[in-house]
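Visitor: Could you take me on a close look at the pocket in this structure, and at the parts around it? I would like one connected walk through, please.

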Amino acid sequence: LALTEADNRLYGMGTSDMKAFFALAISAASKFTAGDLDEPLIIVATADEESTMNGARELAQSSRLKARGVLIGEPTGLKPVHMHKGMVMECVHLHGRSGHSSDPTLGINAMDGMHKVMGEIMAWRHELKQRFTDPQFHVPYPTLNLGRILGGDNPNRICGDCELHFDLRPLPGMVPDELLAELKKRIDAVLDGSGLDIRLRSLLQSVPPFASQTRSEIFTTAEKLTGASAESAAYSTEAPFYQQGGMQAVVLGPGDIDQAHQPDEYLALDRLQPMIDLLENM
C-alpha cells in the first residue's frame, strides 16, 4: 500500500489503475489559476468505480457536474480509447424439490434443469456472436462466460437448488436490459413444465457499452495531442454515464491495463511527464 520507487518504476496498488492519474491531474491543474481559464476545470474522484460505479451514476443523474468534455484516466498506455464493451453480471437460480436419489419422482432436480439452462445460454452465446460483430474490437463479438455454478449437497440426494453466475460483455449498440429480457424468455421456454422456480438477479448493476460521439472535440483533441489513433477496449469505464449526462467523453491514462489488478502493480516513470504535458495542453 506504500509507494515504492525502483527500476525506473513506481510500485504500489493503483499506480496503473488508476490513482496515479488523479495525482498527475492535480499536478497539471496546479500550473493554472482560475484567471488563466476561459471555462472551469473540474477534477472528479468517484466512489465504487470497481464495483457499482454509483459515484458516476449519481453525478450523471444530477445537475452537479456540467462540462463539455470528460477525460477518464483509466490505463490506456497514453492512447485514447473511444469505445468499450459493456458489463453484465447475472445469476440464474433454480429452485426444485429435494428427495432421496433412489426415486427421482420424489423431487424436482434443479441441477438437471440447470443443465438445460446452460445448453440454452451456450446456444444463445453462439447466436449473439453471429448477430453482433464490430471489427474495431480485438475480440470483435460479445462474449459470455459461465463463471460459477453452485448446487446440491450430497450425491444421494436430489438437488433442490442450483445457481449459475455468468458474465456478458455487450458491444456498443446492444442494450443490457433488452438482452436480459431475451435471455429470460429463452430460459422460461426451455424449462416450461419442469416445475422449477426460476429467478434471475443481477450480481452487479449493468454498465452499458460506450462509443464516443462521432468526432467529438475532446476525442479529436486527444488524437492530435497523442499522435495516436483512438482504440477500443474490452473493459468497462464510467464513460457511458457521463455521456448520458450530455458530456463528451474519452478514456486516456498513463498506465497499462496489463498491470491493473496485478501483484507488484507499477507505473513507469517515463509515463509521468508525458501525461502531465498532455493534460496541460488539453
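Guide: Happy to. Let us begin away from the pocket, with a loop. Ser102 sits in the loop that runs between β5 (87–95) and α3 (110–131). With a relative accessible area of 59%, Ser102 is exposed. Try finding Lys85 as well: Ser102 and Lys85 are separated by 17 residues in sequence, yet their C-alpha atoms are 48 Å apart in space.

Now for the chain as a whole. Please keep in mind that this is a predicted model. The secondary structure amounts to seven helices and twelve strands. Along its principal axes, the C-alpha trace spans about 80 × 40 × 35 Å. The chain has 282 residues, and 44% of them are buried. If you take the contacts between residues at least 6 apart in sequence, 80% of these join residues at least 24 apart.

On to the part you asked about. A water-sized probe rolled over the atoms shows where empty space is left. The largest pocket holds about 1,600 Å³ of space. It is lined by 47 residues, and those closest to its centre are Leu41, Ile42, Gly69, Val70 and Leu71. Four elements each give two or more residues to this lining: α1 (19–29), β3 (69–72), α5 (217–226) and α7 (272–281). Of these, α1 supplies the largest share, with six residues. As for chemical class, the lining of the pocket is made up of 24 nonpolar, 15 charged and eight polar residues.

Two of the lining helices deserve a closer look, and α5 is a good place to start. Its residues Ile218, Phe219, Ala222 and Glu223 are buried. Looking down the axis of α5, you would find the buried residues within an arc of 140°, so they line one face of the helix. What do the buried residues of α5 pack against? Their partners are β3, β4 (81–84) and β11 (248–251). Recall that β3 also gives residues to the lining of the largest pocket. Just past the end of α5 comes Gly227, which takes a positive phi of about 70°.

The other helix is α7, where Met275, Ile276, Leu278 and Leu279 are buried. Viewed down the axis of α7, its buried residues lie within an arc of 160°, so here too they line one face of the helix. The elements that cover the buried residues of α7 include α1, β3 and α5. Together with α7, those elements appear in the list of contributors to the pocket lining, so if you display α1, β3, α5 and α7 together, you have a handy view of the packing around α7.

Since you work at the bench, you may also wonder about the cysteines. How many disulfides are there, counting pairs of cysteine sulfur atoms within 2.5 Å? The count is zero. Cys159 is in no disulfide, and the nearest cysteine sulfur to its own, that of Cys162, is 5.0 Å away. Cys162 is likewise in no disulfide, with the sulfur of Cys159 as its nearest cysteine sulfur. The cut-off for a disulfide is 2.5 Å, so at 5.0 Å this pair is not counted as one. Are these two residues buried or exposed? Cys159 counts as buried, at 4% relative accessibility, and Cys162 is buried too, with a relative accessible area of 1%.

Terms used: Residues numbered from 1 in each chain as written. Predicted model: local features only at pLDDT ≥ 70, side-chain atom pairs only at ≥ 80, totals over all residues. Heavy atoms only, no water. 1 Å grid on protein atoms, 1.4 Å probe; cavity = no way out; pocket = protein on both sides within 12 Å on 5 of 7 lines; lining within 4 Å. Points joined across faces, edges and corners; volume = space filled by probe spheres on them. Nonpolar A, V, L, I, M, F, W, Y, C, P; charged D, E, K, R; others polar. Buried < 20%, exposed > 50% of the residue type's maximum accessible area, 1.4 Å probe, protein only. Arc of directions from axis to C-beta. Contact = heavy atoms within 4.5 Å.
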